[in-house]
Amino acid sequence: MNLAALADSLGLENLTPEINLGQSSEITHGYASDLLSDVLAHAPRGGVLVTVQVHLNVIAVSVHADLAAVIFALGREPDSATREKAAEEGICLLASKAPAFEIVGKLYEMGLRGNKA
Amino acid sequence: MRPMAADLHVHTALSPCADDDMTPQAIVMAAIAAEIDIIAVCDHNSAENTGAVQEAARSFAGDLFGVIAGMEITTAEEAHIVALFPDVESAMNASDEVACHLPEGLTGVRKYGNQYVMDATGEVIREVDALLSWASDLTVSQTVTLIHKHGGLAVAAHVDRPSFSIISQLGFMPEDAEFDAVEISAAGAKDGRATEFEALGYPIIVASDAHFPDNIGDGKALFHIDSPVFSEVALAFKGVGNRSIQLA
């Protein structure tokens, strides 16, 4: 499943319209955490991150961890500087009003997994 | 100029997690017994006991022992930032401003511990009902700006620790906040971890983050300064006039 299909089935808003979701690669893995040190250490490459952490550093961490997209839960939205940086770095930002638990549950149902090992 | 031992992160009985025996007198006596020359009083999100500790210090030791009025602010990202202010008045102004950014409705949470505002003798003047250690809605960058606006210094607290530190919460030091120094915990310093953070390019201090009298001085830095006061500490952070900071 690519990001367009994923965003569509979860009803996610694309905060980085500069990025064409339809052109994303297949998403097979994800991670959920609000501690960016933890994301750096443990997020699977090419995956999506579910978080309520909206600090600008989430973008640099996503680049380091080679993530495809960040899903902000609970209606949390980053500021414009963070959105611009994400678009520049090719990290897709998606937003949901649902709590992280609900989002992760749906992603798991759709076949995404937490660990490549 | 002479070396002065500084423990710039000490809680009082106002912090819910700190011992009720952290009275102004007990703190000053424990610090002097630990051969500390200057401390900073840094309760969670409040500076209300800073004046009392300064008064206790003056009556015990006059100008020989210094007490900086500070605070440990919890940011929206749940990172702790130690704020050091020039005097009690500016600390209280910052404290009042932070109070407007704490969550409402978290009152009566006594199970987290007592929050005593005390006078210099340790008499309880009143108890703070709203939980002080909760996260404010100020971001890291807004918190550092607030501290600087009130003439203070912003120190990233216990950056070596896996919880409530800038690095645990944000992965690395953010570019949108100009810190004046970073603090290593007493445990981290004992494990020789201070050198890991030299590459960050900030002045490094070690502090105890003491919540009990016996822990005051467990973490300290040697400041080569003229006198144990805020302005000298501020100059040492900038390395002005041969002032320096040395880790034991």
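Which handedness does the crossing of H1(B) and H2(B) have? The crossing is right-handed. This is a predicted model.

**Helix packing in chain B**

Helix H1 of chain B spans residues 24–33, and helix H2 of chain B spans residues 50–61. Their axes lie 8 Å apart, at an angle of about 55°. Angles of 65 to 115 degrees would count as roughly perpendicular, and those under 35 degrees as roughly parallel. H1(B) and H2(B) are therefore oblique to each other.

H1(B) brings Pro24(B), Gln25(B), Ile27(B), Val28(B) and Ile32(B) to the contact. H2(B) answers with Ala52(B), Val53(B), Ala56(B), Ala57(B), Phe60(B) and Ala61(B). By class, this contact has 10 nonpolar residues and 1 polar residue. No charged residues take part in it.

**Positive phi in chain B**

Most residues other than glycine have a negative phi. Two residues of chain B are listed here with positive values.

| Residue | Phi | Loop in chain B | C-beta neighbours within 10 Å |
|---|---|---|---|
| Asn45(B) | about 55° | between strand E2 (38–41) and H2 | 25 |
| Phe164(B) | near 55° | between strand E7 (153–156) and helix H5 (166–170) | 19 |

The cut-off for a buried residue is 20 or more such neighbours. Asn45(B), with 25, therefore counts as buried. Phe164(B), with 19, is partly exposed. Neither Asn45(B) nor Phe164(B) is a glycine.

**Where chain A meets chain B**

The interface pairs 10 residues of chain A with 11 residues of chain B. On the chain A side, helix H2 (36–42) and helix H3 (57–64) each supply at least two residues. H2(A) gives the largest share, 4 residues. The class count for the side of chain A that touches chain B is 6 nonpolar and 4 polar, with no charged residues.

**Chain A as a whole**

Chain A has 5 helices and 5 strands. Along the sequence they follow the pattern α-β-β-α-β-α-β-α-β-α. The C-alpha atoms of chain A fill a box of roughly 35 × 30 × 25 Å along the principal axes.

How does the radius of gyration of chain A agree with that of a compact globule? A compact globule of 117 residues would have a value near 13 Å. Chain A has 12 Å, so the two agree.

Of the 117 residues in chain A, 45% are buried. Among contacts in chain A with a separation of 6 or more, 51% join residues 24 or more positions apart.

Technical notes
Residues are numbered from 1 along each chain as its sequence is written. Chains are lettered from A and ligands numbered from 1 in the order in which they are written. This is a predicted model: local features need pLDDT of at least 70, side-chain atom pairs count only at pLDDT 80 or more; totals for chains, interfaces and linings use all residues. Axes are lines fitted to C-alpha atoms, for helices over the stretch in contact, and angles run from 0 to 180 degrees between N-to-C directions. Angles under 35 degrees count as roughly parallel, over 145 as roughly antiparallel, 65 to 115 as roughly perpendicular and the rest as oblique. A crossing is left-handed if the near helix is turned anticlockwise from the far one by less than a right angle, and right-handed if clockwise. Two residues are in contact if their C-beta atoms, placed from the backbone, lie within 7 Å. Ala, Val, Leu, Ile, Met, Phe, Trp, Tyr, Cys and Pro count as nonpolar, Asp, Glu, Lys and Arg as charged, and the others, Gly among them, as polar. A residue is buried if 20 or more other C-beta atoms lie within 10 Å of its own, exposed if 12 or fewer, and partly exposed in between; C-beta atoms are placed from the backbone. The radius of gyration is taken over C-alpha atoms; the globule rule is 2.2 Å times the number of residues to the power 0.38.
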